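Thank you for making time for this; I would like to walk through one protein chain slowly, beginning with a single helix and working outwards. Please have the structure open while I talk.

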Amino acid sequence: MNWSLSFEPFFPWPVLAALLIPVALLAFAGLWTRQRGAWLRLAALAALGAALANPVLLDEEREPLKSVVAVVVDESQSQTTIDGRSAMTDEAAAELEARLARFREFETRVVRTGRTSSATENAQTHLFEALDSALRDVPPSRVGGAVLITDGQVHDIPDNAAALGAPIHGLITGEADEMDRRIRFERAPRFGIVGKPLEMTYRVIATGDQRGPVDVRVIINGEELFIEEALIGRETLLEIDVPNAGRNIIELAIDPVDGELTDVNNRAVALVDGIRENLRVLLVSGEPHSGERTWRNLLKSDASVDLVHFTILRPPEKQDGTPINELSLIAFPTRELFVEKIDDFDLIIFDRYQHRDVLPILYYDYIAEYVENGGALLIAAGPEFAGNQSIARTPLIAALPGLPTGDVVEQGFYPRLTETGERHPVTRGLEGAASEPPAWSRWFRLIGIDRPDGQVVMQGANEQPLLILNRKGEGRVGMFLSDQGWLWARGFEGGGPHVALYRRIAHWLMKEPELEEERLSAAGRGMRLEITRQTMEESAPQAEITTPSGNTLSAELGPAGPGRFSTSLETNEIGIYSIANGDLTTLAHVGPVNAPEFGDMISTEEKLAPAADATGGSVRRIADNDLPNIVPVRRTGSASGNDWIGFRTTDDSILKAVRRVPVFTGFLALALLLLAFGAMWYREGR
C-alpha cells in the first residue's frame with residue numbers, strides 16, 4: 001500500500017488565501033497580545049481552513065516495472081567464417097537468456113545483428129547501432145544494461161558510451177592466443193591510363209613477432225602476372241600497367257601459414273577504372289562534300305579523340321597553270337602518316353577517297369598490314385568507290401569486307417536494321433529503329449557490293465548491304481556504303497540518330513569493350529550480383545558462379561532486350577565472384593572493397609574495454625562457455641566482479657488503481673467544525 005495526502009479545495013487557492021490570510025493574521029495578533037480565547041479562535045480558523053482545503057488520503061496500487069537488459073549477438077562474417085566462434089556465440093546467448101529469465105526484475109531483449117542485405121552493414125560490425133535500436137523506446141531510468149556477445153572487432157564504438165546510463169558488458173568469443181596475417185592496400189588510385197604504369201602501395205601485417213619476407217602474388221582480372229617479395233609491416237611499392245579500359249580488379253594474395261586464424265584476409269582488392277588516353281584518328285577525305293563536315297564535327301566534339309584530318313583538294317594530275325609559288329596548300333605527308341607513324345593511329349577513315357596517285361600503291365599494302373596487325377579501318381564510300389579509281393582496285397582489297405559491283409543506286413530509301421543489326425551493340429536500340437518505316441529520314445544513294453564478308457547490320461534499297469562490320473586478323477574494318485548520313489545531321493525529314501551511330505561505329509572499330517558482340521560482364525550493386533551477357537545468339541547458357549568461399553552456384557540468364565541476357569542474385573558474402581558463361585569468364589567484386597569486417601579478425605578485449613569501463617561494466621572471454629553469474633544491483637552499486645556481472649534495477653512502476661479517503665468530510669468533520677466555532681462563540685460570549 002502506498003498512502004499519500006492530497007488536497008482538493010472547494011475554491012481555488014488564491015480565493016482561499018484571500019479569505020483565510022486576513023483572519024489568520026487577526027488570530028495570530030490575538031496570540032501575540034495574549035488575548036483570552038485566542039487559541040480557540042485559531043482552532044476554529046484551522047478547522048475552517050481544513051474543511052475548505054478538503055484533504056484526501058490516496059491509496060495507490062502500483063505494479064513495479066522491469067529493467068530492460070539488451071543482449072546483442074554479433075553474427076557478422078568475422079564471427080561466422082571462423083570455426084568455433086558461431087557455436088560459442090549461440091551457446092552463450094542461449095545460456096545468458098535463460099539466466100536472465102530467472103530474475104523478475106529484468107526484461108530481456110535479444111538483438112542479432114550482422115546478417116543483412118546492406119553492403120555497408122556487412123562491411124562493418126555495428127553492435128552499438130543495434131543496441132540503440134533495441135533500447136530506443138525505453139526510458140533511461142529503466143535501462144538495466146547490455147551484454148555484447150562478439151569477437152571484439154566492433155566498428156561503431158561511441159566516444160560517449162557512458163550516456164547509456166547503465167553498464168555495458170562484453171563477452172568475447174575466440175581464443176586469447178590467435179595468430180593471423182593479412183594484407184591491405186595503403187594507397188590505391190581509383191583511375192589509371194590504359195597501358196601506362198600505375199603506382200600503388202600495400203602492407204603485409206602479422207600478429208606477434210612475425211618478421212621476414214613474404215611472397216605476394218599479383219593478380220589482375222583473374223590472371224596471376226607475377227610474384228614479388230614484401231617485408232612484414234613495411235609499406236611496399238607496387239607498379240602495374242593498367243590492362244583494359246573500364247573496370248579492372250587488382251588483387252594481392254599471400255599464402256596461409258600453419259596455425260593461421262583465417263585466410264579470408266590474405267587477399268586485398270583494388271578496383272581501378274582504366275581510361276584510354278586520347279584516341280588518335282586519321283580522317284582522309286577524297287574531296288570536299290557535305291558528309292565530310294559531319295565526320296569532322298563528330299570526331300572533333302569527342303574529347304577522347306585526337307583528330308588528324310586531310311582533304312585532297314588538288315590531286316597531282318591537276319594542271320590548271322597555277323604557278324607553284326602561288327599555291328598555299330599543305331603537302332600531304334604520306335610517308336610520315338602511312339609508313340613512319342601509321343601504328344600510332346587507332347583508326348583510319350577514308351571518306352569518299354579514290355586512288356589518284358596521292359598515295360603510292362605500296363602504301364595501300366601498309367594499310368592492309370596495319371589492319372591485320374590490330375588496326376582499325378573505316379571506308380565511308382561514295383560514288384568513287386564504284387568507279388575505275390576505287391581503292392578496291394589497290395592492295396587494300398585484302399582488308400575490305402566487300403568489292404563494288406559498279407552499281408550506284410540513286411533512289412530514296414529508309415536505312416533499316418537487319419536481324420543481325422537488331423542484336424549487334426553498334427546498332428541495337430538506335431532511336432527510331434523500332435517503328436516501320438523507321439522514325440528517321442530517307443537517304444538517296446547506295447553503293448552496290450558483291451558477296452559481303454562480315455556482319456551486315458544495316459541495309460538500304462532492295463535489302464542491299466548498307467553497313468558492314470568485319471574482323472580482319474587482329475584488326476577491324478567497317479564499310480559504310482552511302483555518303484548521305486549528313487542528311488540525318490542536317491535534320492532532313494526530321495533527321496536521325498547520326499551521332500549515336502557514327503560514334504558507336506568508331507568505338508567498335510577501336511575495340512571499346514562495351515560494344516563487343518560477345519561479352520560477359522558482372523558488377524556488384526550493394527550485396528546483389530548483376531550479370532549481363534551480350535551475344536549474337538538467340539539464347540545464353542547458364543551462368544556458373546564461384547563465390548568467395550569457393551561454393552558454386554548456377555543462374556539462368558533471362559532476356560533483357562535483343563542480344564542481351566541478364567540476371568541478378570542476392571548474395572551474403574563479400575568478396576570476388578568468378579562467373580563463367582559458355583567460353584567467357586569474368587570477375588566481379590560484391591560489397592565494399594577491403595571491408596573492415598575482413599581486416600583484423602583477431603578476437604580482442606581491448607576495443608570494448610574503454611566503453612565498458614566508462615559505464616561500470618566489464619569485458620571478459622567466454623572460452624569453454626564459462627559465463628559469469630548475474631546479479632541485480634542498484635543504481636549506485638558496482639556492476640561487475642571477478643565472476644559476476646550486474647544490471648541495474650529500476651524504481652519505476654505503473655499506477656493500477658487509486659482509493660480516495662476524504663479526511664475532513666462527513667458528520668465527524670461537521671461536528672469538529674461546530675465544536676470549534678461553538679467553543680469560540682461561547683468564549684467570546686463570556
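Let me begin with α9, where Tyr363, Tyr364, Ile367, Ala368, Tyr370 and Val371 are buried, and by buried I mean under 20% relative accessible area, with exposed meaning over 50% and partly exposed lying in between, using a 1.4 Å probe and protein chains only. Before I go further, I should say that this is a predicted model, in which local features need pLDDT of at least 70 and side-chain atom pairs count only at pLDDT 80 or more, while totals for chains, interfaces and linings use all residues. Residues are numbered from 1 along each chain as its sequence is written, and side-chain values use heavy atoms, with hydrogens and water left out.

Where do the buried residues of α9 fall, seen down the axis of the helix? They fall within an arc of 155 degrees, so they line one face of the helix, the arc being that of the directions from the helix axis to the C-beta atoms. When I say helix or strand, I mean DSSP runs numbered from the N terminus, with helices being H or I of at least four residues and strands being E of at least two.

The cover over these buried residues of α9 includes α8 (334-340), together with the strands β17 (347-351), β18 (376-380), β23 (465-472) and β24 (475-480); here, and whenever I speak of touching or meeting, contact means heavy atoms within 4.5 Å. As for its length, α9 covers residues 361-372, and its 12 residues should span 16 Å at 1.5 Å a residue, which agrees with the 18 Å between its end C-alpha atoms; the expected span is 1.5 Å times one less than the number of residues. Just after α9 comes glycine 374, which takes a positive phi of about 120 degrees.

Now let me turn to α12, which also has 12 residues and reaches 17 Å from its first C-alpha to its last, close to the 16 Å expected. Its buried residues are His498, Leu501, Tyr502, Ile505, Ala506, His507, Trp508 and Leu509, and the helix is followed by lysine 511, whose phi is positive, near 65 degrees. In the loop between α11 (486-489) and α12 we find glutamate 493, which has a positive phi of about 50 degrees although it is not a glycine, and which counts as partly exposed at 39% relative accessibility.

How does α12 pack with helix α7? Two packed helices are described by the angle between their axes and the distance between the axes. For α7 (residues 290-301) and α12 (residues 498-509), the angle is about 75 degrees and the axes are 11 Å apart, where axes are lines fitted to C-alpha atoms, for helices over the stretch in contact, and angles run from 0 to 180 degrees between N-to-C directions. That makes α7 roughly perpendicular to α12, since angles of 65 to 115 degrees count as roughly perpendicular, those under 35 as roughly parallel, those over 145 as roughly antiparallel, and the rest as oblique. On the α7 side, Thr294, Trp295, Leu298 and Ser301 meet His498, Val499, Tyr502 and Arg503 of α12.

My next stop is arginine 428, in the loop between α10 (419-423) and β21 (446-450). Is arginine 428 buried or exposed? At 15% relative accessibility, it counts as buried. Leaving aside residues up to four places away in sequence, arginine 428 touches Gly421, Glu422, Arg423, Arg504, Gln534, Pro562, Gly563 and Arg564. Proline 437 lies in the loop between α10 and β21 as well, and a cis peptide bond, with omega about -5 degrees, joins it to glutamate 436.

One of those partners, glycine 563, is found in the loop between β29 (558-559) and β30 (564-570), and it is buried, with a relative accessible area of 5%. Glycine 563 and methionine 536 are 27 residues apart in sequence, yet their C-alpha atoms are 5.6 Å apart in space.

To close with the whole chain, there are 14 helices and 36 strands, and buried residues make up 47% of the 686 residues. Of the contacts with a separation of 6 or more, 70% come from residues 24 or more positions apart.
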